[in-house]
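Welcome, and please open the model in your viewer. This tour goes from stop to stop, with a selection to make at each one.

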Amino acid sequence: MSISLILAIVFYIYFIVLFFLMNGVAFSGFFFILGSICLIYHLSRNKIKKCRGLDMFIKGFIVIIISIFIIVESMIISFPKNNIENCDYVIVLGARVIGNEVGLTLKGRLDKTLEYIEKNNNSNCKVIVSGGKGDDENISEAEAMKRYLVKKGLNSNRIIKEDKSVNTNENFKFSKEKIEKDSKKEISNLNIKVVTTDFHAFRSSKYAKNIGYRKLNFYTEKTKWYLVPVLYVREFFAIIKMFIINFI
């Protein structure tokens with residue numbers, strides 16, 4: 001059995017798990033496409049090998065893509081993301097809400113926020129819950145986060161809602177406005193802790209620094225092992241898109 005056929009089977013199985021067994025995880029369709037490409041290559045490989053130029057081009061293209069992927073993923077993995085130092089404000093970045101309840105990823109981020117506060121002897125820092133309302137969500141991510149934190153015992157007076165953002169860049173932009181209004185200080189003079197999921201920290205830091213955050217560090221939730229492929233691959237494309245937009 002060829003490597004391309006094995007990969008096709010693996011990608012198809014992973015797609016089925018994500019799409020049908022896990023309520024359609026975002027970006028799961030990419031693995032169906034990837035499986036189809038591997039299957040097409042497997043069925044056409046004899047014809048491709050007869051055309052030396054095409055065979056060399058495909059192999060060279062694959063090497064380049066894998067090299068870029070390894071470089072980007074290395075930046076994501078090596079980025080510091082477990083800073084426990086005290087701060088002035090904690091920003092919790094939103095994620096999917098299911099109905100009126102926080103989804104698995106968002107729950108992990110909120111539990112990590114509570115863990116950070118506990119480790120800092122119930123630090124008095126305020127918590128910004130940042131996230132608007134998606135088309136398939138009954139309430140904003142910010143409202144769902146606030147309800148969860150209050151239910152877990154966090155004083156509601158310490159929570160500030162930012163419920164207008166629809167992407168990571170807006171998370172930081174609108175949270176900056178909330179923080180500066182509350183603190184009467186510029187964001188560059190405040191120590192900000194960001195709570196998100198590990199794969200998301202590197203890109204988040206780039207957006208934040210472009211907006212004016214200077215004293216910034218992260219305390220992140222670890223990605224569930226079975227979601228590592230889809231979330232880290234999705235983040236790869238998000239970072240490439242960010243670099244292209246910034247370059248243009």
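Two residues count as touching, or in contact, when they have heavy atoms within 4.5 Å of each other. Keep that cut-off in mind at each stop, and remember that you are looking at a predicted model.

**The whole chain**

Begin with the cartoon view of the full protein chain. Its secondary structure comes to eight helices and seven strands. Turn the chain along its principal axes, and the C-alpha atoms fill a box of roughly 70 × 35 × 30 Å. If you colour by burial, 44% of the 248 residues are buried. Contacts reach far along the sequence: among those between residues at least 6 apart, 72% join residues at least 24 apart.

**Helix H3**

Now select residues 52–78, which form helix H3. How far apart are the end C-alpha atoms of this helix? They are 39 Å apart, and this agrees with expectation because 27 residues at 1.5 Å a residue should span 39 Å.

Next, show the side chains of Asp55, Val72, Glu73 and Ile76, which are buried in H3. To see what the buried residues of H3 pack against, add helix H2 (29–50), helix H7 (201–211) and helix H8 (228–247).

**The second largest pocket**

Stay with H3 and H2, since both give two or more residues to the lining of the second largest pocket, as do helix H1 (3–21) and H8. This pocket holds about 1000 Å³ of space. To centre your view, select Leu34, Cys38, Ile62, Ile65 and Ile66, the closest to the pocket's centre of the 28 residues that line it. Colour the lining by residue type and you will find 25 nonpolar residues, two polar and one charged.

**The largest pocket**

Move on to the largest pocket, where about 1300 Å³ of space lies. Select Ala26, Gly94, Ala95, Arg96 and Arg234; among the 39 lining residues, these are the closest to the centre. Then highlight helix H4 (104–119), helix H6 (168–183), H7 and H8, the elements that give two or more residues to this lining. Which element gives the largest share? That is H8, with seven residues. By type, the lining of the largest pocket divides into 14 nonpolar, 16 polar and nine charged residues.

**Ser204 and its neighbours**

From the helices you have highlighted, pick out Ser204 in helix H7. Is Ser204 buried or exposed? Ser204 is buried, because its relative accessible area is 0%, where the cut-off for burial is under 20%. Show Leu93, Thr168, Phe172 and Phe218 as sticks: Ser204 touches these four, leaving aside residues up to four places away in sequence.

**The nonpolar cores**

Phe172 leads to the next stop. It belongs to the largest nonpolar core, which has 38 residues. Select Phe172 together with Phe31, Ile91, Ile179, Ile192, Tyr213 and Val230, the members that touch the most other members. H8 gives the largest share of this core, seven residues.

Zoom in on Ile179. Beyond four places in sequence, Ile179 touches Tyr89, Ile91, Ile128, Lys184, Ile187, Leu190 and Ile192. For contrast, select Leu106, Ile117, Ala142 and Tyr148, which are included in a second, separate core of 24 residues.

**Thr197 and the cavity**

For the last stop, select Thr197 in the loop between strand S6 (191–195) and H7. Thr197 is buried because its relative accessible area is 4%, again under the 20% cut-off. Add Thr220: the two threonines are 23 residues apart in sequence, yet 5.1 Å apart in space from C-alpha to C-alpha. Other contacts of Thr197, again leaving aside residues up to four places away, include Thr105, Arg109, Glu221, Lys222 and Thr223.

Thr197 also lines the largest cavity, along with Leu104, Thr105, Gly108, Glu221, Lys222, Thr223, Lys224, Leu227 and Leu231. How many cavities of 30 Å³ or more does a search of the whole structure find? The search finds one, and the largest cavity has a volume of about 80 Å³. H4 gives the most to its lining, three residues. Coloured by type, the lining of this cavity shows three nonpolar, four polar and three charged residues.

Note on methods:
Residues are numbered from 1 along each chain as its sequence is written. Side-chain values use heavy atoms; hydrogens and water are left out. Helices (H or I, at least four residues) and strands (E, at least two) are DSSP runs, numbered from the N terminus. The expected span of a helix is 1.5 Å times one less than its number of residues. Buried means under 20% relative accessible area, exposed over 50%, partly exposed in between (1.4 Å probe, protein chains only). On a 1 Å grid over the protein atoms alone, a cavity is a set of points where a 1.4 Å probe fits but cannot get out, and a pocket is an open set with protein on both sides within 12 Å along at least five of seven lines; lining residues have an atom within 4 Å of a point. Grid points are joined across faces, edges and corners, and a volume is the space filled by probe spheres set on the points. Ala, Val, Leu, Ile, Met, Phe, Trp, Tyr, Cys and Pro count as nonpolar, Asp, Glu, Lys and Arg as charged, and the others, Gly among them, as polar. A nonpolar core is a set of buried Ala, Val, Leu, Ile, Met, Phe, Trp, Tyr and Cys residues joined through side-chain atoms within 4.5 Å.
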